[in-house]
Amino acid sequence: MKLNRTILQMALVFSFALMVSCTVRHADVAGEQNTLQDTDWVLLSFEEQEVPAAPNTRTSYIHFDSKNNKVKGYAGCNNFFGTYTLKGDHLTLQQLGSTRMACPDMEVENYLMAVLERVNTYTIAGDLLTLYSKGTAVAIFRAGYEQPAQDNEPLPEQQP
């Protein structure tokens, strides 16, 4: 039974990576960050799977608004939103919800939302934000900005 669950989780992560590979753009790096708040964080990896950038697509991101303790973002097809609590390096996301546009694989976005609900700590190193659940990294983001797709727009060079 445990093997079946592991296979299902791996399939979901792989499916998410494929889906997001069609929906993520490069973002310009904002530089070294010392707080996770009031910065757009572009998704780089999810459950140890790199999220490749694809041309002419919108960036998947997360943003923590310090004024209202609200979190918002884009998961590859749907926007998501909720609240968060921050105490030192302890971070919890609550009341997460999302829009419900027709997507190729809602199961993957639902899994991402479940992962975000498990987050309990974070670290920032340079321009990288890592979210953890019980000591395990579950998502890595880079400081940048949400960038909608536009026709005939060249992609910025990938940052090292």
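Reader: Let's start with a turn: in the hairpin of β5 and β6, which residue takes a positive phi?
Author: Happy to begin there; this is a predicted model, in which local features need pLDDT of at least 70, side-chain atom pairs count only at pLDDT 80 or more, and totals for chains, interfaces and linings use all residues. Residues are numbered from 1 along each chain as its sequence is written, while side-chain values use heavy atoms and leave out hydrogens and water. Strands (E, at least two residues) and helices (H or I, at least four) are DSSP runs numbered from the N terminus. The hairpin of β5 and β6 has 2 residues between the strands, and the one with a phi near 65° is G88.

Reader: How many bridges join β5 to β6?
Author: Two strands count as paired if DSSP finds at least two bridges between them. Strand β6 covers residues 90-98 and runs antiparallel to β5. Across this pairing, T85 stands opposite T92 in β6. The number of bridges joining β5 to β6 is 7.

Reader: And on the side of β4, which residue in β5 is the bridge partner of K72?
Author: β4 and β5 run antiparallel and are joined by 5 bridges. They form a hairpin with 4 residues between them, where G76 in the turn has a positive phi of about 115°. Within this pairing, the partner of K72 is F81.

Reader: Is N78 buried or exposed?
Author: N78 sits in the loop between β4 (70-74) and β5 (79-87). The cut-offs are under 20% relative accessible area for buried, over 50% for exposed, and partly exposed in between, with a 1.4 Å probe and protein chains only. Because N78 has a relative accessibility of 0%, this residue is buried.

Reader: Which residue's backbone nitrogen does the side chain of N78 reach?
Author: A polar contact is a pair of N or O atoms within 3.5 Å; within protein, one must be able to donate a hydrogen and the other to accept it, and residues adjacent in sequence count only if both atoms are side-chain atoms. At 3.4 Å, the side chain of N78 reaches the backbone nitrogen of R100.

Reader: What is the overall order of helices and strands along the protein chain?
Author: The protein chain holds 2 helices and 9 strands. Of its 160 residues, 44% count as buried. Read along the sequence, the pattern is α-β-β-β-β-β-β-α-β-β-β.

Reader: Which element gives the most residues to the largest nonpolar core?
Author: A nonpolar core is a set of buried Ala, Val, Leu, Ile, Met, Phe, Trp, Tyr and Cys residues joined through side-chain atoms within 4.5 Å. The largest one has 26 residues, and I62, F64, L93 and L131 have the most contacts inside it. Elements that each supply at least two of its residues include β1 (40-46), β3 (61-65), β8 (128-133) and β9 (136-144). With 5 residues, the element that gives the most is α2.

Reader: What is the angle between the planes in the aromatic pair of F64 and Y84?
Author: Rings of Phe, Tyr and Trp (its six-membered ring) pair if their centres lie within 6.5 Å; planes under 30 degrees apart count as stacked, over 60 as edge-to-face and the rest as tilted. A search of the whole structure finds 1 such pair. It is F64 with Y84, edge-to-face, with 5.2 Å centre to centre and planes at 85°.

Reader: How many residues apart are F64 and Y84?
Author: F64 and Y84 are both buried. Setting aside neighbours within four places in sequence, F64 is in contact (heavy atoms within 4.5 Å) with residues that include W41, V71, Y84 and L93. The aromatic pair links distant parts of the chain, F64 in strand β3 and Y84 in strand β5, and the separation in residues is 20.

Reader: Next along β3 comes D65; which side chain makes a polar contact with the side chain of D65?
Author: D65 lies in strand β3 and counts as partly exposed because its relative accessibility is 23%. Not counting residues up to four places away in sequence, D65 touches D38, K70 and Y84. At 3.2 Å, the polar contact of the D65 side chain is with the side chain of N68.

Reader: Which residue in the loop between β8 and β9 has a positive phi without being a glycine?
Author: Q95, in strand β6, has a positive phi of about 50° although it is not a glycine. In the loop between β8 and β9, a phi near 50° belongs to a residue that counts as exposed because its relative accessibility is 75%. That residue is K134.
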